[in-house]
Each structure stands twice: as structure tokens, then as C-alpha cells.
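The following paragraphs lead from the overall fold to the packing of a single pair of helices. The reader may wish to keep the sequence and the model side by side.

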Amino acid sequence: MADQNTLWTRELLQRRRALHARIDGVARSHPAAAARARLALYSTTHRFDRRLIDVAELADDLALLDLELDELTAAAAA
């Protein structure tokens, strides 16, 4: 178990926490979309924990999730 934790740098942990916070914000206006985003985040982090993807792929997946959340936030503000 401790070996898995070494994969997560402070920056990656902060980014993951920030995404969870953004998802919490989206959940108020788009609960179903937030649930899908949370599942995507859990799936991505699980794949990283299991070493099915590397740091670059994790970063790409997190960036895509960031874009999706940007779109949801913009739609909620409109």
C-alpha cells in the first residue's frame, strides 16, 4: 500500500483535491454531470494507482476533466 502512495506527488494530490472541490461546486447545478465527473476522476486515479497509466496519461486525463468542468461551470453561469 505504501508503494502506491509514492506515485502521488504533492502537486498531483493538490490537483486531485482541487478537481474534487470543483466537482462539488458543479454538483449544485448539475448533479448527474458531477456524478459522471467524479466517477471519471475515481477511474483515472484508480488506473494510475494500479500503474495502468503513467504520469503523462494521468495529467492528460485530469486536463480533460478540467475542460469538462470548465464547460459545466460556464453553462451554469449562463
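A contact is taken here to mean heavy atoms within 4.5 Å. In this predicted model, residues 24 or more positions apart account for 63% of the contacts in the protein chain that have a separation of 6 or more. The secondary structure that these contacts connect consists of four helices and zero strands, and the order of elements from the N terminus is α-α-α-α. Taken along the principal axes, a box of roughly 45 × 20 × 20 Å holds the C-alpha atoms of the chain. The chain has 78 residues, of which 28% count as buried.

Helix α4 offers a convenient point of entry. This helix comprises 23 residues, from 55 to 77. Its span from the first C-alpha to the last is 32 Å, close to the 33 Å expected at 1.5 Å a residue. At the N-terminal end of α4, Asp54 acts as a cap, with a side-chain oxygen placed 3.2 Å from the backbone nitrogen of Ala56.

Which residues of α4 are buried? They are Leu58, Leu62, Leu65, Leu69 and Leu72. The spacing of such positions can be read against helical geometry: an α-helix has 3.6 residues a turn, so residues three or four places apart point the same way. The cover over the buried residues of α4 includes α2 (10-27) and α3.

The packing of α4 against α3 can be described further. Two packed helices are described by the angle between their axes and the distance between the axes. For α3 (residues 31-49) and α4, the axes come within 10 Å and cross at roughly 175 degrees. Angles over 145 degrees count as roughly antiparallel, and α3 and α4 are therefore roughly antiparallel to each other. On the α3 side, the residues in contact are Ala33, Ala37, Leu41, Thr44, Arg47 and Phe48. On the α4 side, they are Val55, Leu58, Asp61, Leu62, Leu65, Leu69 and Leu72. By class, the residues of this contact divide into 10 nonpolar, one polar and two charged.

A further position in α4 is Asp70. Is Asp70 buried or partly exposed? With a relative accessible area of 39%, Asp70 is partly exposed, because buried means under 20% and exposed over 50%. Asp70 also illustrates a separation in sequence alongside a distance in space: Asp70 and Val26 are 44 residues apart in sequence, and their C-alpha atoms are 9.6 Å apart.

Methods: Residues are numbered from 1 along each chain as its sequence is written. This is a predicted model: local features need pLDDT of at least 70, side-chain atom pairs count only at pLDDT 80 or more; totals for chains, interfaces and linings use all residues. Side-chain values use heavy atoms; hydrogens and water are left out. Axes are lines fitted to C-alpha atoms, for helices over the stretch in contact, and angles run from 0 to 180 degrees between N-to-C directions. Helices (H or I, at least four residues) and strands (E, at least two) are DSSP runs, numbered from the N terminus. Angles under 35 degrees count as roughly parallel, over 145 as roughly antiparallel, 65 to 115 as roughly perpendicular and the rest as oblique. Ala, Val, Leu, Ile, Met, Phe, Trp, Tyr, Cys and Pro count as nonpolar, Asp, Glu, Lys and Arg as charged, and the others, Gly among them, as polar. The expected span of a helix is 1.5 Å times one less than its number of residues. Buried means under 20% relative accessible area, exposed over 50%, partly exposed in between (1.4 Å probe, protein chains only). A polar contact is a pair of N or O atoms within 3.5 Å; within protein, one must be able to donate a hydrogen and the other to accept it, and residues adjacent in sequence count only if both atoms are side-chain atoms.
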